Amino acid sequence: MAKEFASQGDMGEKAISFTEVGDGLYAFTAEGDPNSGVIIGDDSVMIVEAQATPRLANKVIEKVRQVTDKPITHVALTHYHAVRVLGASAFGAHQILMSEAARAMVVERGQEDWDSEFQRFPRLFEGHESIPGLTWPTTTFTGRMSVFLGKRRVDLMQLGRAHTAGDMVIHVPDQNVMFTGDIVEYHSACYCGDGHFKDWSGTLDNIASFDVDAIAPGRGDALVGKEMVGKAIENTRDFVLSTYRPAAKVAARGGSLKEVWDAVRAECDPKFADYAIYEHCLPFNVARAYDEARGIDTPRIWTAERDLEMWAQLQG
């Protein structure tokens, strides 16, 4: 391989922020690295997203212990990706929550995704030797499920395919705050390698219909206030459409993957080149957009081997 993935050289430490997005609700963010969320109930705590390793999960736990000593009883995982789920064991929660579709994706491609992500982005797997294995949910649902942390109701919902086919969001109605996973990002590139471009915009519309007061996104700063929420939703929509439109045009005339790469770069570089993990996401986004534009609805499984083959093809 003539050139390494951009993420393989990304070894710089990121500054952590812990932002209150509502009463008893927090966003753990780290300059474009994967975010986590914290929901404090009357007698217990729910974590949203588990980080990639138990060692990294402990950084979330340190922040939680600065604001509450209540036990962590639930971990909600918005989708199956390794960087979101493999740290779950650190929390000692008796309930691990996923959509049924996300669990099916762990079965189908969980190990391959772990191997692929570890090769691409080694910094995000600090302490990888502490991972006990794939993370499996104790409870799954389809459509919608509510969990009560004492009197506080937490709604887990599937609002449509976007980042993956198994995405869910978490809404806390008493504060009108939502944790969106990677369906919404802020000044960070969307990873679309397992995404559904043609569905994503409609799913964003479904999120927007809640008219929430704050969002803890998958990556990037916490979004507090309706204006910032609206801006992030529309910016995410622009990123997804700006990736898919040129890919679809090239695919329609029978063009190659390399031609899609050039067309997407021409559209997206001027707007998004300074976004966190942009160069990391781009080749996987291009490959998936090319596939979807050619009628491949279910994203092909990424493996460590396929990653390298695709990357070599794009180097031309």
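Two strands count as paired here if DSSP finds at least two bridges between them. By that yardstick, strand 5 and strand 6 (residues 95-99) of this predicted model are partners, running in the parallel sense over 3 bridges. One of the contacts along this seam involves Ala76, whose bridge partner in strand 6 is Leu97.

Strand 5 also has strand 4 (residues 45-48) as a partner, again in the parallel sense, this time over 4 bridges. Here Ile47 stands opposite Val75, and Val48 stands opposite Ala76. Ala76 therefore turns up in both pairings, facing Val48 of strand 4 and Leu97 of strand 6. Getting from strand 4 to strand 5, the chain passes through helix 1 (residues 54-64), and this β-α-β crossover is right-handed. Strand 5 itself, spanning residues 72-76, is mostly covered, with 5 of its 5 residues buried.

These strands belong to an open sheet of 7 strands, laid out in the order 1-2-3-4-5-6-7 with mixed pairing. Strand 1 (17-22) and strand 7 (139-141) sit at the edges; each has a single partner strand, so one side of each is left without a neighbour in the sheet. From one strand to the next, the twist averages 20 degrees.

Helices pack on this sheet as well. Helix 1 touches strand 1, strand 2 (25-30), strand 3 (33-40), strand 4 and strand 5, and its direction makes about 140 degrees with that of strand 2. Helix 3 (residues 100-120) packs on the sheet too, touching strand 6 and strand 7, with its direction at about 95 degrees to that of strand 6.

Further along the chain comes helix 5, which covers residues 226-252. Helix 5 has 27 residues and reaches 38 Å from its first C-alpha to its last, close to the 39 Å expected at 1.5 Å a residue. Just after helix 5, Gly254 takes a positive phi of about 80 degrees.

Zooming out, the protein chain holds 8 helices and 13 strands. Its radius of gyration is 18 Å, close to the 20 Å that the globule rule gives for 316 residues, so the chain is as compact as a globular protein of that length. Along its principal axes, the C-alpha trace spans about 60 × 40 × 35 Å. Of the 316 residues, 58% count as buried. Among contacts between residues at least 6 apart in sequence, 68% join residues at least 24 apart.

Notes
Residues numbered from 1 in each chain as written. Predicted model: local features only at pLDDT ≥ 70, side-chain atom pairs only at ≥ 80, totals over all residues. Heavy atoms only, no water. Buried < 20%, exposed > 50% of the residue type's maximum accessible area, 1.4 Å probe, protein only. Helix = DSSP H or I, 4+ residues; strand = E, 2+ residues; numbered from the N terminus. Right-handed = clockwise from strand over helix to strand, strands pointing away. Expected span 1.5 Å × (residues − 1). Axes fitted to C-alpha atoms, helices over the stretch in contact; angles between N-to-C directions. Contact = heavy atoms within 4.5 Å. Rg over C-alpha atoms; globule rule 2.2 N^0.38 Å.
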